[in-house]
Structures are given as C-alpha cells and as structure tokens.
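Welcome! Take a moment to look over the sequence and the 3D view, and then we will walk through the contacts between side chains and the spaces inside.

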Amino acid sequence: MMDYSYHRPVMLDECMEGLALKPGGIYIDLTFGGGGHTKEILSQLHGKGKCSVFGFDQDDDARSNAELIEEPSFTFVQANFRYFTKYLKLYKVSKVDGILADLGVSSHQIDEPERGFSTRFEGPLDMRMDRSKGHTAAEILNESTAEELQRIFGMYGEVRNAKTLAGAIVSARVNKPFADTGAFVVFLKSFAPRGKDFKYYAQVFQALRIAVNDEMAALEEMLLQCGEALKEGGRLVVMSYHSLEDRLVKNYLNYGNMEGKAEKDFYGNLLRQIKPNNKKPIQASEEEIKLNNRARSAKLRIGVKL
C-alpha cells in the first residue's frame, strides 16, 4: 500500500488512465513532489520491458524523496520544468510517450510553516519552491511598487480590491516591513469581504506564490515544449487547481497557443501539435474529495499528440 504521509496524489487512477502507459515506454513526471505519481507509473510498468521514468522538481525535499526510489529505470532531475527538454537532451532523450504535470503545491509544502505557503501557520514569508534563489514573498511585498502589487493581486489572485490593498501595503511597510505570515494575515483581515476571510487570504497568498515562482511564465514555456517532446500518439496529462492555470492548459490543447486564437493552415486545419482527449476537464469524485479536500478544485485535462 502506498504511503501518503508526505502527499496524497489527486486523481491518481485518472492520471494513469490518461497516460495510457505502454510497456517499455518513456515517461516524465514534471512535478515529482512526494513521488506518488512516479511510484505508480513505475509500479504499473514493472516487469513490462525496459522503461525510463524521469522525475523533475526544483524542491530540495523532492530530491530527498527521490533518493528513496531504487528503481534503475528512474532518474531524478532537480530543475524547474520550464527547462525539461534541455535536460532530456543531456540524457539523449528526444521523444517520450507521456508527460504528467500536477501543478498544485504539495500538502507537505503547505504544512511546513517555514516554507510560508499557508495562511494557517506562523512562518517566514518565503514561498520559494527553490529556496536557493529568487525573491521571497516578503521581498516582493516590501520592494514592489503599488502598481506592481496591484497587478500581482489582480492578475494572479483575482483580488477585487487589489488597488486598495496594494496602496495599504506600500503605506504600512514604511513603519514595519512585512516578514511573517501570521502578521500579514492579521493585516489582511481588514481588507477581506465579510464572511469570506479565508478565501480572501488564499487568493492573496496564491497571487504572491505565483509571482515569487514565476509560475505562469514557467507553465507557458513548459506547455510549448510538450508538442515537440511527445511521440505521435503520446499523452499529455495536466492537473491544475485554479482558473489561470486551467485556462492556459485548455487554450494550448484546443488552439496550440496560450491566447486561445484559432490559427489554421491553408486547408483549414488548426495549427496545433496536441489535441484534447476530453472536451471537459475531469474532476475528482465525491468519494475522493471526502478523503482529500484538496481534490475539490482540481481539473484534469488530457491531450494526445497528433
């Protein structure tokens, strides 16, 4: 029985079905995390030919989890998935049979106070996936202009009073810079709509996390590489947890670009390398949501290489 103490994979069976695993195939888990999806891929392919499974993640905790896997067919790459094709070339891999990406933050990352991802715990305002580089959430709050903060909260968190909040942050940080999650949540309380405090905190924290890790640009770069990396008939399986991510994935599968523009060739065919396998996103069952509330917002989309 699989250990879910680190992180419970969402829609695990649906992801495996979406990948349509082939004996001896080459598969990539672009968001290794606790390794739940990777372990299941390895388990299902075990004894069915010489397969290759690559796990990508920039997080140090993910590397520690990967070191526990002793399968010779598994390779861990500590890198942001926006560079995955570059790293595959180092391993002399040009085409793969399946690509999986679970875009959510792992339960373990959320539950570690020192990571600063959660509104529930007291900790530093960090939020970096790769703690060796980049700006922390505190640095963004304390150094960005009001206009930049408004853009971050409005675009990445869909915060309705983004302008008001941004201005208040710029004024407040003059007396005391923002440093920890607890104090920041207390500060946010007066700006949250009545009765929707926790949703508001989540929106603001999501916006900061996306900005800290440049998540939307990384996702765009990753998706645009998938068409070239997949073999004909290969599968792309992507699970997202908020509308910004899902919109990019949907547009890429439907139109071959992030803007959602229908560009066609001389014969009227859509210029895209991957087509959607399911018109609507797959969502978790009520039974799974009862076991793992995090699954409630998950949307799974599957694409097939043309």
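A residue is called buried when its relative accessible area is under 20%, exposed when that area is over 50%, and partly exposed in between. Please keep in mind that this is a predicted model. By that cut-off Phe205, at 3% relative accessibility, counts as buried.

**Salt bridges**

- Side chains of opposite charge can pair when their charged atoms come close.
- In this structure there are 11 salt bridges.
- One of them joins Arg115 to Asp61, with 3.5 Å between the closest N and O atoms. This pair links distant parts of the chain, 54 residues apart: Arg115 is in the loop between α5 (107–111) and α6 (137–143), while Asp61 belongs to helix α3 (residues 60–66). Arg115 and Asp61 are both buried.
- Arg115 and Asp61 also belong to a network of salt bridges that includes Asp59 and Glu112.
- Arg82 and Asp214 form another salt bridge, at 3.2 Å from N to O. Arg82 sits in the loop between β3 (74–77) and α4 (84–90), and Asp214 in the loop between α10 (197–213) and α11 (215–229), so their contact ties together parts that are 132 residues apart in sequence.
- Is Arg82 buried or exposed? Arg82 is buried, because its relative accessible area is 12%. Its partner Asp214 has 36% relative accessibility and therefore counts as partly exposed.
- Asp97 and Lys231 make a salt bridge too, their closest N and O atoms being 3.3 Å apart. Since Asp97 lies in strand β4 (residues 96–102) and Lys231 in strand β5 (residues 230–240), the pair ties together parts that are 134 residues apart in sequence.
- Within this pair, Asp97 is buried at 10% relative accessibility, whereas Lys231 is partly exposed with a relative accessible area of 32%.

**Aromatic rings**

- How many aromatic pairs does a search of the whole structure find? The search finds 12.
- Among them is the pair of Phe184 and Phe205, which is tilted, with 6.0 Å centre to centre and 35° between the planes. Phe184 is in helix α9 (residues 181–188) and Phe205 in helix α10, so the two rings tie together parts that are 21 residues apart in sequence.
- Phe184 is buried, with a relative accessible area of 0%.
- Phe187 and Phe191 form a tilted pair as well, at 5.3 Å centre to centre and 45° between the planes. Both Phe187 and Phe191 are buried.
- Together with Phe178, the residues Phe184, Phe187, Phe191 and Phe205 make up one aromatic cluster.
- You can also look for Tyr83: the charged end of Lys86 sits over the Tyr83 ring, 5.1 Å from the ring centre.

**Cavities**

- The count of cavities of 30 Å³ or more comes to two.
- The largest cavity has a volume of about 490 Å³. Its lining has 34 residues, and Thr31, Asp57, Asp102, Gly104 and Met129 lie nearest the centre.
- Two elements, α2 (36–45) and α11, give two or more residues to the lining of the largest cavity. The largest share, four residues, comes from α11.
- Sorted by class, the lining of the largest cavity has 14 nonpolar, 13 polar and seven charged residues.
- The second largest cavity has a volume of about 40 Å³. Leu253, Asn254, Pro276, Asn278, Lys279 and Arg301 line the second largest cavity, with two nonpolar, two polar and two charged residues by class.

Terms used: Residues numbered from 1 in each chain as written. Predicted model: local features only at pLDDT ≥ 70, side-chain atom pairs only at ≥ 80, totals over all residues. Heavy atoms only, no water. Salt bridge = Lys/Arg side-chain N within 4 Å of Asp/Glu carboxyl O. Buried < 20%, exposed > 50% of the residue type's maximum accessible area, 1.4 Å probe, protein only. Phe/Tyr/Trp six-rings, centres within 6.5 Å; stacked < 30°, edge-to-face > 60°. Lys NZ or Arg CZ within 6 Å of the ring centre and 35° of its normal. 1 Å grid on protein atoms, 1.4 Å probe; cavity = no way out; pocket = protein on both sides within 12 Å on 5 of 7 lines; lining within 4 Å. Points joined across faces, edges and corners; volume = space filled by probe spheres on them. Nonpolar A, V, L, I, M, F, W, Y, C, P; charged D, E, K, R; others polar.
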